[in-house]
Amino acid sequence: MGPKSERVYDTIREWVRTGKYPPGDKLPSERTLSEQLDIGRTALRQVLARLLAEGVITVQGRSSYRVPDQSVSVEAPDDLERWQIHGERTVYDNRWVKLTLADVEPPGVERFEHHVVRLHHVAITAVLDEQDRVLMLWRYRFVPDCFGWELPGGIVDAGEEPATTATREVEEETGWRPERVEHVVTFQPMVGMVDSPHEVYVAHGASKVGEPTDLEEAGHVAWVPLADIPGLMARGELMGSGTLVALLYVLASRRNAERSTSRS
């Protein structure tokens, strides 16, 4: 897309992100958008098609564009009790990992000590291009003793915003600089025992700025077609929960966009 289309793309994404058009709301008609944003109808439809593919908007009917409704029908129960935490003592601690024993008491159960592993805050990014490819690293991991594909990511430094980490890690590990990053989900990879918040971002577009600078983390850098992801997953070649969560989010968003388009 050209500069004008990119400007319009960014404007509509910002409208959705800031809540100018909240979930469930209908966007203005193509004619109104074309006049309001000073863009031709053909270029506008290219922008809208991209936003549909990314799940930012949906389409109903012939050309009625809406912000996806994120409401859910499931209600969280409000009659469950929290565990009581009577204290926590450190067993081992260094700059990478902290192991503690927490003195806990679940409702109706005798109190006991529970191991807790505290790791770092992490940011991971799926960088997508206009050819429906994702930027990945083919790497060796000695702990499971295997090679596999991963998304770039790393530890959030003290005082650093996770979005800054997401951008920095992509550049350091791949030599590509994302044009923008968007936060999509925060999750815990092993919530029963390990505390390590993972921030997942999606970026659309990147510029080659050099070679990877983090030689310890860098592997073989490649743009992998999204169409290959299910096959790589089936072969067990996608490593790490962050990689899986991010790519499943991307694939689910595209599938929902395709369903919305097919119903129109």
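A salt bridge is a side-chain nitrogen of Lys or Arg within 4 Å of a carboxyl oxygen of Asp or Glu. In the predicted model described here, Arg235 and Glu237 meet this criterion, with their closest N and O atoms 3.1 Å apart. Arg235 is exposed, at a relative accessible area of 58%, whereas Glu237 counts as buried, at 18% relative accessibility.

The chain contains six helices and 15 strands. Its C-alpha trace spans about 65 × 50 × 40 Å along the principal axes. Of the 264 residues in the chain, 38% are buried.

Strands β3, β4, β5 and β12 form an open sheet in the order β3-β4-β5-β12, and their pairing is mixed. At the edges of this sheet lie β3 (84–93) and β12 (194–195), each of which pairs on one side only. The pairing of β3 with β4 (residues 98–105) is antiparallel and extends over eight bridges. Within the sheet, Ile85 stands opposite Val104 in β4.

Salt bridges in the chain number 23. One of them joins the side chains of Arg13 and Glu182, at an N to O distance of 1.8 Å. Arg13 belongs to helix α1 (residues 3–18) and Glu182 to strand β11 (residues 181–187), so this pair ties together parts that are 169 residues apart in sequence. Arg13 is buried, with 11% relative accessibility, while Glu182 is partly exposed, with 31%.

A further salt bridge is formed by the side chains of Arg139 and Glu150, with an N to O distance of 3.6 Å. Here Arg139 lies in strand β7 (residues 133–141) and Glu150 in strand β8 (residues 146–150), eleven residues apart. Arg139 has a relative accessible area of 8% and is therefore buried; Glu150, at 9%, counts as buried too. Salt bridges also link Glu6, Asp10, Arg50, Glu130 and Arg180 into a network. Arg50, a member of that network, in addition places its charged end over the ring of Tyr9, 3.9 Å from the ring centre.

Glu199, located in strand β13 (residues 198–204), presents another arrangement. This residue is buried yet has no salt bridge, and the nearest side chain of opposite charge, that of Arg168, is 13 Å away. The cut-off for a salt bridge is 4 Å, and the distance of 13 Å to Arg168 does not meet it. The side chain of Glu199 does, however, make a polar contact with the side chain of His121, at 2.8 Å.

Aromatic rings provide a further set of contacts, with six aromatic pairs in total. In one pair, the ring centres of Trp83 and Phe112 are 6.2 Å apart and the planes meet at 70°, so the arrangement is edge-to-face. Trp83 is found in the loop between β2 (64–66) and β3, and Phe112 in strand β5 (residues 112–118); the pair therefore ties together parts that are 29 residues apart in sequence. Both residues are partly exposed, Trp83 having a relative accessible area of 46% and Phe112 a relative accessibility of 32%. Elsewhere, ring pairs link Trp138, Tyr140, Phe147 and Trp149 into a cluster.

Definitions and conventions
Residues are numbered from 1 along each chain as its sequence is written. This is a predicted model: local features need pLDDT of at least 70, side-chain atom pairs count only at pLDDT 80 or more; totals for chains, interfaces and linings use all residues. Side-chain values use heavy atoms; hydrogens and water are left out. Two strands pair if DSSP finds at least two bridges between them. Helices (H or I, at least four residues) and strands (E, at least two) are DSSP runs, numbered from the N terminus. Rings of Phe, Tyr and Trp (its six-membered ring) pair if their centres lie within 6.5 Å; planes under 30 degrees apart count as stacked, over 60 as edge-to-face and the rest as tilted. Buried means under 20% relative accessible area, exposed over 50%, partly exposed in between (1.4 Å probe, protein chains only). A charge sits over a ring if NZ of Lys or CZ of Arg is within 6 Å of the ring centre and within 35 degrees of the ring normal. Lys and Arg count as positive and Asp and Glu as negative; His and the chain ends are not counted. A polar contact is a pair of N or O atoms within 3.5 Å; within protein, one must be able to donate a hydrogen and the other to accept it, and residues adjacent in sequence count only if both atoms are side-chain atoms.
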